[in-house]
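These are my notebook entries on a structure that I examined for its helices, its core and its aromatic rings. The entries follow the order of my look-ups.

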Amino acid sequence: MKSYDSGLTTEVIARLQGDAWLDQMLDNWGRWARGGEIGGPQVYTACASAERHYSAPPWDSEDAGDQDRPDPLAGESVDIAWRRLPQLQRQVLRGVYVDPPRWRLRVEQGRDLSAGDADRHRARELRLPLALMLETYAAARVRISGLLRDGVMR
């Protein structure tokens with residue numbers, strides 16, 4: 001039985017490990033990294049004019065709460081721990097949390113995606129077999145959790 005036939009997904013692995021604190025830290029890191037820190041799209045603070053004379057207005061919307069803004073200190077600490085992981089684990093964590101999120105895939109393909117579809121898409125993008133991606137994801141979560149709990153500056 002293949003892993004995607006059994007219903008095993010990154011969401012199931014995260015739920016089985018039952019570490020809500022780690023989930024929040026990795027989600028925060030993903031939002032922080034998509035802000036341009038480790039290769040996500042660059043967030044500009046100046047207008048798009050050639051001279052860049054005008055600064056962009058701050059984003060003060062009633063729709064945007066503080067939960068949408070990443071905590072930079074937590075993002076940096078996860079990034080330090082992430083850089084200490086083996087290359088394959090770094091690649092998989094980046095593919096799950098930093099690279100195109102599921103909602104973007106839904107919009108691009110014009111349909112709703114299940115978690116298994118999103119994982120198969122990620123595995124194709126990472127050029128890894130799905131079973132290897134899921135196994136590496138589970139191992140990376142355990143390893144980065146240990147690094148974060150021990151303190152990343154040690």
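I take buried as under 20% relative accessible area, exposed as over 50%, and partly exposed as in between, with a 1.4 Å probe and protein chains only. I worked on a predicted model, in which local features need pLDDT of at least 70, side-chain atom pairs count only at pLDDT 80 or more, and totals for chains, interfaces and linings use all residues. Residues are numbered from 1 along each chain as its sequence is written, and side-chain values use heavy atoms, with hydrogens and water left out.

Entry 1, overall layout. I assigned helices (H or I, at least four residues) and strands (E, at least two) as DSSP runs, numbered from the N terminus. The chain holds 7 helices and 0 strands, and along the sequence I read the pattern α-α-α-α-α-α-α. Of its 154 residues, 36% are buried. I obtained an accessible surface of about 9800 Å², 52% of it from carbon and sulfur atoms, by the Shrake-Rupley method with a 1.4 Å probe, where for residues only the protein chains shown count as cover.

Entry 2, contacts and Gln 89. I count a contact when heavy atoms lie within 4.5 Å. Among contacts between residues at least 6 apart in sequence, 72% join residues at least 24 apart. I then looked up Gln 89, which lies in helix H4 (residues 87-97). Is Gln 89 buried or exposed? Gln 89 counts as buried because its relative accessible area is 12%. Beyond its neighbours within four places in sequence, Gln 89 contacts Thr 136, Ala 139, Ala 140 and Arg 143.

Entry 3, helix H7. I compared the end-to-end distance with the expected span, 1.5 Å times one less than the number of residues. For the 21 residues of H7 (residues 130-150) the expected span is 30 Å, and the end C-alpha atoms are 30 Å apart, so the two agree. Among the buried residues of H7 I noted Met 133, Thr 136, Tyr 137, Ala 140 and Ile 144. Val 142 also belongs to helix H7, but Val 142 counts as exposed because its relative accessibility is 55%. Val 142 and Asp 19 are 123 residues apart in sequence, yet 9.7 Å apart from C-alpha to C-alpha. After H7 comes Gly 151, with a positive phi near 100°.

Entry 4, nonpolar core. I define such a core as a set of buried Ala, Val, Leu, Ile, Met, Phe, Trp, Tyr and Cys residues joined through side-chain atoms within 4.5 Å. The largest has 28 residues, and Trp 29, Leu 93, Met 133, Tyr 137 and Ile 144 touch the most other members. H7 gives the largest share of this core, 7 residues. Contacts of Leu 93 outside its neighbours within four places include Trp 29, Trp 82, Tyr 137 and Ile 144.

Entry 5, aromatic rings. I pair rings of Phe, Tyr and Trp (its six-membered ring) if their centres lie within 6.5 Å; planes under 30 degrees apart count as stacked, over 60 as edge-to-face and the rest as tilted. My search of the whole structure found 2 aromatic pairs. In one of them, the ring centres of Trp 29 and Trp 82 are 5.5 Å apart and the planes meet at 45°, so the pair is tilted. This pair links Trp 29 in helix H2 (residues 20-37) with Trp 82 in helix H3 (residues 72-83), 53 residues apart. Both Trp 29 and Trp 82 are buried.
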